[in-house]
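Work through the exercises below with the sequence and coordinates at hand. Each task is followed by a solution in steps.

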Amino acid sequence: MAGNEKIKDASNYLRGTLLEGLADTSTGALCDDDTQLTKFHGIYQQDNRDVRAERRKKKLEPAYSFMIRVRVPGGVSTPEQWLEMDRLAHTYANGTLKLTTRQAFQFHGVIKSNLKKTVYEINQSLFDTLAACGDVNRNVMCNPNPDESEVHAEVQELASRISNHLSPRTGAYHEIWIDDGSGEKQKVTYDPPILDHFDTAEEPIYGKHYLPRKFKTVVAVPPSNDVDIFAHCLGYIAIVEQKKVVGYNVTVGGGMGMTHGSEDTFPRLADVMGFCTPDQAVAVAEAVVIAQKIFGNREDRKNARLKYTVERMGIDSFRNEVERLLGYKLGKPRPFKFEHNGDRFGWTKDHKGNFHYTMFIANGRVLDTDEYQMMTGLREIAKVHRGDFRLTANQNLQIGNVSKAAKPKIEKLLKDYKILDANGASGLRLNSMACVALPTCGLSLAESERYLPDLISELDEVLEQAGLRHDAITVRMTGCPNGCARPYIAEIGFVGRGPGTYNLYLGAGFCGDRLNKLYRQSVKSTDIKAVIGPIIRDYAHNRKSGERFGDFVIRQGYVNATNVGHDFHKDLKPEALGA
Amino acid sequence: MQIPENAPFTLEQRTKLNSILAALNPAQQTWVSGFFSGIVSSAAASTAQTATAPELTILFGTESGNSEELADRTKKLAAKYGYKSKVVNMSETDTKKLSASKNLLVIVSTWGDGDPPDTATGFYKELMGDGAAKFSNTSFSVLALGDSSYEKFCEIGKKIDRRLEELGGKRVFDRVDCDVNYEANWETWSAGALKAFPVGTSSAPQTTVVATAAAASEGFGKKNPFPAILEEKILLNGTGSAKETLHLELNLEGSGLQYEVGDALAIVPTNRDQDVEWVLLATGLDANTKLGDKTLAEAIKHDFDITSLTSRIAGKYNEIAKDTKLTALLDPENKKQFAEWSYGRQFIDLLEDFPCKTLTADSLTGLLRGMAPRLYSIASSPKAHENEVHLTIAAVRYQTHGKSRVGVASTYTADLVEKGDKIPVYVHSNKNFRLPVDPSTPIIMIGPGTGIAPFRAFVEERQAIGATGKNWLFFGDQHYSYDFLYQLEWQNFLKEGVLNRLDVAFSRDQPEKIYVQHKLLQASAEVYKWIADGACVYVCGDANRMAHDVNSALIEIIAKQGAKSAEEAEACLAEMKKAKRYQRDVY
Ligand code: SRM
Ligand SMILES: Cc1cc2nc3c(=O)[nH]c(=O)nc-3n(C[C@H](O)[C@H](O)[C@H](O)COP(=O)(O)OP(=O)(O)OC[C@H]3O[C@@H](n4cnc5c(N)ncnc54)[C@H](O)[C@@H]3O)c2cc1C
Ligand SMILES: Cc1cc2nc3c(=O)[nH]c(=O)nc-3n(C[C@H](O)[C@H](O)[C@H](O)COP(=O)(O)O)c2cc1C
Ligand code: SF4
């Protein structure tokens, strides 16, 4: 049994010794087992890696603090909630807000003594952090999708229902964070399980051991695949007929994470398993979760994600298990077509006559600098905005549902705070993402969020010369192979291998339907421009009209196409591993 | 060496003696000194036998131990004059008892902003109050300890001196006010006063000057600081902190210096070159002017206080400068204006704002007081670190009147000395900050900021001697992540069970300010229980606000938990002070 399984088993439904740990003021940390449990509560213990070296000499423990991830189903937040997040970021966190690749808010740098207050106040704002991480179903994504906003309400509602239905039911969360000492505990009510598979009273769906590994769900409305539906465990592709959602194609078995040097770990795109009607959708989610609970690997965490379960069982027998749990068969998948997995920037207008403004936020980091008062600007907008804020799956932000009347006012603020200018960046930058990595991420091997912007500035020079400044090319960077910025479905993917060195991957599909392939291993950051420059120039001269960069590099033989996940490490060009 | 003018000789005798003394080499001096003191002690002995040995009371009021040390030395000296004297602490007497004594010497320091030492407060109030007994049969003389960098210099000594006269006492020798280097003034005063009493034994010796001078040449100490090698220097605050707190480890090997936990170490700093240059620039004096065997520049760098600024030094300066604006500012009428002007200003501002070109090297150094040593609570136990002494020093840096300014000693250690360099130090013992004699007594330590220093020493000591008493520490600073001084050590002490409880208050981690006194109040019930179980309470650190706030918190706790009135609680705390169960080391 994997280590974490024992911890879950002993935790009494995620309680562990958290209350004791929070009370101990001699250390800013929690005990190791509890740090595994806090994840289920949306909290990661971290330490500032920039200062690790100096601390012991100064007779100080590592600079521990906590990252708190807020669950935002579908990424939709009211202006009031935005203002709260902004306030909390300044009151308890490091003064910035991180908009994640899964449409959530993250706070960094919250110290232990402020943890309970922060989580409590997040809940007061009607968000929560429960199951934002951990071996359970996490924040359910849904594309903001302005141009199809008639069905947006409907898919958004599905996202919330699934999120609520698959939330852990343990009382631990409220006991530890919400109970304000007033004695009587706040009650949370969940709709009952649908299938007659009953586990335990406290956790009817998950049971005592929860899932073998994290579990991720998305809903997407074609043609926009900005949520990268194939990168997730469970996905719903809305099938729209006469502006109504008639049902969903259900996808299973996607995921990015892998480990350098172990080929039995690999990114995998999800399979389309079948079709379900809107009223079956939640039951299907429950069934897939239960199937993974039963068949997922609990011996080896590196092999425990649903993608490996599906890979091992094969999609057909996995579908059978799901249908057995459901008690009925799924329909045949319906045709669908995705066109891109990026965001559409600037203003769009929907059929109701409302406007939506999508703004580029470098790596999703909302903050103020001397040159660019973005955070203040957004705060000012939130004070007057009547619509909503929508976090995109590409770490960007959409100011949604601006009425015609309100548009000039918002437009002025966007202008005054130079937010409009942000969208003037190159096509490469607008389609870029980087994960957090250093200094907070404990797993990073190299810089990412702090480095990608500079790298893009370098590459922009090449694009300028090649006349490709406005061409959309997806570029994504992560500090380690876990793939938090979904680098394996980027036309250009950088994955950290060590300080200042990255693996370079090329050739993913522009709409997120094909994985990329290793082009060069361990490229020094100083060499990146020299390695990619020629390919970009070649693309400028020799691409077919409308040909995407990811398709071009395959046609030109820079890399072979990756058609299925388990081939990700296969048929590399000899020079890929560094000749 | 010269016979002081106030010595009891005719001019003729003095010139003769001087010419002889001048001719003596050190060896001869020591011999003569030994010889005379021999004569004296036998004289003293003989007088002692005769029942008529005059009685003398030496009363002291102290906070950090100086007055007490001088009281003890005065007693020794008095014996040589044939007195039968007893040393009395202000904390343990009242005017009624005291007024019985015929001959009274008072040695008292001034604290806070012109306040009496903590332990003397009770006595002082009574003496000043209407209920005070008459001193009609008492002859007295006062030695006032102080620091001339404070506006209210020797205030308490002055007040007591005046009050005793009001109450009918007869001043037999004029009060002497001492600055931080009080040695010479004590010698003049003690010698003068001891023979000024009506019973003054005529054969009183004048050799003490020589004797003590000779004593100085042996061993390191206040008169002869030990150049200790700096073995370790660590900035304790983590990156991101607004604070600058240093941990110093000094090597005492071969110094013969001994210390106990609770003592302080005195550092004799040097001024920074920039300050020296500023002074020379402003006065237009030549750096190379000879002053004895040093140049002016060297002299003011090492030997003089060229930073502190008070109306006293401004007054002396104006005697030369005769600046009309300054004269106005110094008018007693304008105390407030002067205080406002001088706040955050230093000696250099005086020179710049009221320039005076007639200043000479001598008149300048004549104005200045000697370099003042700074005290630092010792942060180590000699039992845990043989031959070492550790300090915890906060660098003083601030911006006032368009200049960035620094504290002399703290930044001398922060900026001017590095590992391997030597720092002149001596031990300043502090009898009023001691662990309980009984190792099984529980203790509560309250030490935010650098106030943590002596408690690191306390806990090390208690571990070393295997003390069984429980230890509870309250610490506070600005930020948990950067300013948790010695965090890893406290964690170990907790693991090893030496430290039983640790409560921390970090003021700037959350919107509302949280300080140690709040943590104390939160733990009221337990704190009271500890006190009820006989715990000693120790407070160290900032005197301006923390010490007061903690004191009120303790009163509140005793009142609430012990169902007492505020007055009763205060009395209770005063009792604890007397019993040395409530000790403070605040600055
Ligand atoms: C914040 C975020 C990246 C960002 O810049 O936006 C992120 C940040 C972290 N991820 Fe992630 N992941 C984030 C999206 C992803 C994605 C993308 C996605 O889901 O669309 C993936 C790839 C898809 C997948 O799950 O395979 C992803 C795959 C991982 C993995 C590898 C999982 C695996 O199966 O191998 C880990 C490590 C682990 O789970 O053991 C991980 C772990 C982490 C941790 C918590 C590191 C840790 O476990 O200590 C990172 C916290 C860094 C920090 O300081 O904030 N994160 N992580 C994203 C938060 C999403 C959210 O709101 O929930
Ligand atoms: C018994 C005792 C124990 C002590 N223990 C310690 C200890 O353990 N650790 C420690 O760090 N210190 C300790 N101190 C204090 C220490 O002795 C010095 O007073 C302190 O280091 C400052 O000395 P300095 O020479 O650096 O500053 P100085 O040159 O003496 O300058 C200090 C003066 O600068 C002025 N000043 C300072 N800040 C400002 C400001 N913000 N605005 C305007 N004016 C300002 C004030 O007039 C102040 O009096 C202790 C003091 C005593 C009496
Ligand atoms: C916090 C503090 C405040 C002081 N306040 C004064 C003061 O107002 N006036 C003064 O003349 N001396 C003041 N002094 C200097 C002391 O009186 C001086 O150090 C004296 O030698 C202490 O003697 P003691 O050890 O017997 O208490 C102060 C010293 C400290 C540390
Ligand atoms: S990809 Fe790796 S480095 Fe980047 S955030 Fe995820 S775990 Fe950290």
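**Exercise 1.** In which loop of chain A is A:Glu61 found?

Solution. The model is a predicted one. In chain A, the loop that holds A:Glu61 runs between α4 (52-57) and β2 (64-70).

**Exercise 2.** Determine whether A:Glu61 is buried or exposed, and look for a salt bridge.

Solution.
- Step 1: A:Glu61 is buried.
- Step 2: A salt bridge requires a side-chain nitrogen of Lys or Arg within 4 Å of a carboxyl oxygen of Asp or Glu.
- Step 3: For A:Glu61, the nearest side chain of opposite charge belongs to A:Arg55, 6.1 Å away, and A:Glu61 has no salt bridge.

**Exercise 3.** Find polar partners for the side chain of A:Glu61.

Solution.
- Step 1: Polar contacts are counted for N or O pairs within 3.5 Å.
- Step 2: The side chain of A:Thr27 makes such a contact with the side chain of A:Glu61, at 2.8 Å.
- Step 3: A polar side-chain atom of A:Glu61 also lies 2.5 Å from the backbone nitrogen of A:Gly28.

**Exercise 4.** Describe the surroundings of ligand 3.

Solution.
- Step 1: There are 20 residues around ligand 3, and those that come nearest are B:Thr62, B:Ser64, B:Asn66, B:Ser67 and B:Thr110.
- Step 2: By class, the shell has ten polar, six nonpolar and four charged residues.
- Step 3: Oxygen atoms of ligand 3 lie 2.6 Å from a backbone N or O atom of B:Thr110 and 2.8 Å from one of B:Cys154.
- Step 4: A polar backbone atom of B:Lys152 is 2.9 Å from a nitrogen atom of ligand 3.
- Step 5: On its own, ligand 3 has 640 Å² of accessible area, and the protein covers 91% of this.

Technical notes: Residues numbered from 1 in each chain as written. Chains lettered and ligands numbered in written order. Predicted model: local features only at pLDDT ≥ 70, side-chain atom pairs only at ≥ 80, totals over all residues. Heavy atoms only, no water. Near = heavy atom within 4 Å. Polar contact = N/O pair within 3.5 Å; in protein donor to acceptor, adjacent residues only side chain to side chain. Areas by Shrake-Rupley, 256 points an atom, 1.4 Å probe, with all protein chains shown as cover. Nonpolar A, V, L, I, M, F, W, Y, C, P; charged D, E, K, R; others polar. Helix = DSSP H or I, 4+ residues; strand = E, 2+ residues; numbered from the N terminus. Buried < 20%, exposed > 50% of the residue type's maximum accessible area, 1.4 Å probe, protein only. Lys, Arg positive; Asp, Glu negative; His and termini not counted.
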